[in-house]
Amino acid sequence: MLDVVIVGAGPAGLSAALILGRCRRRVLVCDTHHPRNAASQALHGFLSRDGTSPLELRRLGREQLQRYGTVELRHIKVTDAARLNDGFELRLSDGTRLRCRRLLLATGVVDDLPKISGFEELYGRSVLHCPYCDGWEVRDQPLAIYGKGDRGRGLALELTAWSRDLVLCTDGPGELSPEDLARLARNGIEVGEDRIARLEGKDGSLERIVFTSGDVLERRALFFNTGEHERSDLPAKLGCEFTAHSTVRTGEYEATNVPGLYVAGDASRRVQLVIVAAAEGAEAAFAINTALLREDLL
């Protein structure tokens, strides 16, 4: 039986594997190579790695794990998982079944992209979801915000730290109260409820938003808040509790309500930064190793 299986080899999963490898734990990391930030050119806010390609960070992490002989990385999907009295039984996509004492899910989330022409093509380059990750690169530029109600209003107000040329595009009725509209207006944020026909740009750079009315809005980037969902169905299958934001509810050291199961990274918390995901992976690894020590010591 393995000590730990980690599902997901992003910053959280690789960070956890590193700590557990240094603790001489037998670890299997399973990953399907579909990171949330694959389309991004660079990650930001990570001390010593600011501006690094997300894929390069993953490459470096994998490379640094090679010195720890008890850690194995496999390009494979975990298709099912069940809780046992002494751990977990997992089924892999090649039909293999294996058991582990502790399970860490670091599978991340998937952004819910609106079905608007050009949105997906520009996603990760100039159509963005995180001002903390990408706001600096488009500071003082004309920006659009895509969202309705509280989500749209909140993101628009947040973006005033990076630009004062902001237009909130609600793509139909904005679901905003008179108080919301007044606050947005006080902060110089325009609101447009026209339906969006498409986004236009080239080489990954947004140039304009075209509305069904024929009107055009010149913008250099668009930030959106339309929600997200768990990439993996394993948390639900295992009985995890979820927050109102559809992420897994975790407690101290990323533990879930399911004994022996931990969730780290974007799938668990609202502060979705790469450096935070890496830190959560390290915290979970610390807790896992401590728990295994308690079991093993007479």
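## Secondary structure and overall dimensions

The chain folds into eight helices and 17 strands; these elements are DSSP runs numbered from the N terminus, with helices (H or I) of at least four residues and strands (E) of at least two. The model is predicted: local features need pLDDT of at least 70 and side-chain atom pairs count only at pLDDT 80 or more, whereas totals for chains, interfaces and linings use all residues. Residues are numbered from 1 along each chain as its sequence is written, and side-chain values use heavy atoms, with hydrogens and water left out.

The C-alpha trace spans about 70 × 35 × 35 Å along its principal axes. The radius of gyration is 21 Å, which agrees with the value near 19 Å for a compact globule of 298 residues; the radius is taken over C-alpha atoms, and the globule rule is 2.2 Å times the number of residues to the power 0.38.

## Burial, surface and contacts

Of the 298 residues, 50% are buried. Here buried means under 20% relative accessible area, exposed means over 50%, and partly exposed lies in between (1.4 Å probe, protein chains only). The chain exposes about 14,600 Å², of which carbon and sulfur atoms supply 48%; accessible areas come from the Shrake-Rupley method with a 1.4 Å probe, and for residues only the protein chains shown count as cover.

Contacts (heavy atoms within 4.5 Å) frequently link separated parts of the sequence: among those between residues at least 6 apart, 57% join residues at least 24 apart.

## Nonpolar cores

In soluble globular proteins, nonpolar side chains tend to be buried together. A nonpolar core is defined as a set of buried Ala, Val, Leu, Ile, Met, Phe, Trp, Tyr and Cys residues joined through side-chain atoms within 4.5 Å. The largest such core comprises 24 residues, and I6 and L104 have the most contacts inside it. Two or more residues are given to this core by each of β1 (2-7), α1 (11-22), β2 (27-31) and α8 (274-296). Helix α8 provides the largest share, seven residues.

Leaving aside residues up to four places away in sequence, I6 touches G13, A16, A17, L20, V27, L28, V29, C30 and L104. A second, separate core has 23 residues, including L2, L92, L238 and V258.

## Helix α5 and its surroundings

The buried residues of α5 are G149, G152, R153, L155, A156 and L157. They pack against α4 (131-134), β9 (143-146), β10 (166-169), α6 and β15 (221-224).

One of these buried residues, R153, forms a salt bridge with D180 at 3.1 Å, N to O. Because D180 lies in helix α6 (residues 178-186) and R153 in helix α5 (residues 149-158), the pair ties together parts 27 residues apart in sequence. D180 and R153 are both buried.

## Other salt bridges

A salt bridge requires a side-chain nitrogen of Lys or Arg within 4 Å of a carboxyl oxygen of Asp or Glu; the count by this rule is 22. K237 and D80 are paired at 3.7 Å, N to O. K237 belongs to helix α7 (residues 234-237) and D80 to strand β4 (residues 78-84), so this pair ties together parts that are 157 residues apart in sequence. K237 is partly exposed, with a relative accessible area of 44%, and D80 is partly exposed at 26%.

K237 also meets D233 in a salt bridge (3.6 Å, N to O); D233 is partly exposed, with a relative accessible area of 42%. Elsewhere, salt bridges that share partners join D3, R25, R101, R102, E295 and D296 into one network.
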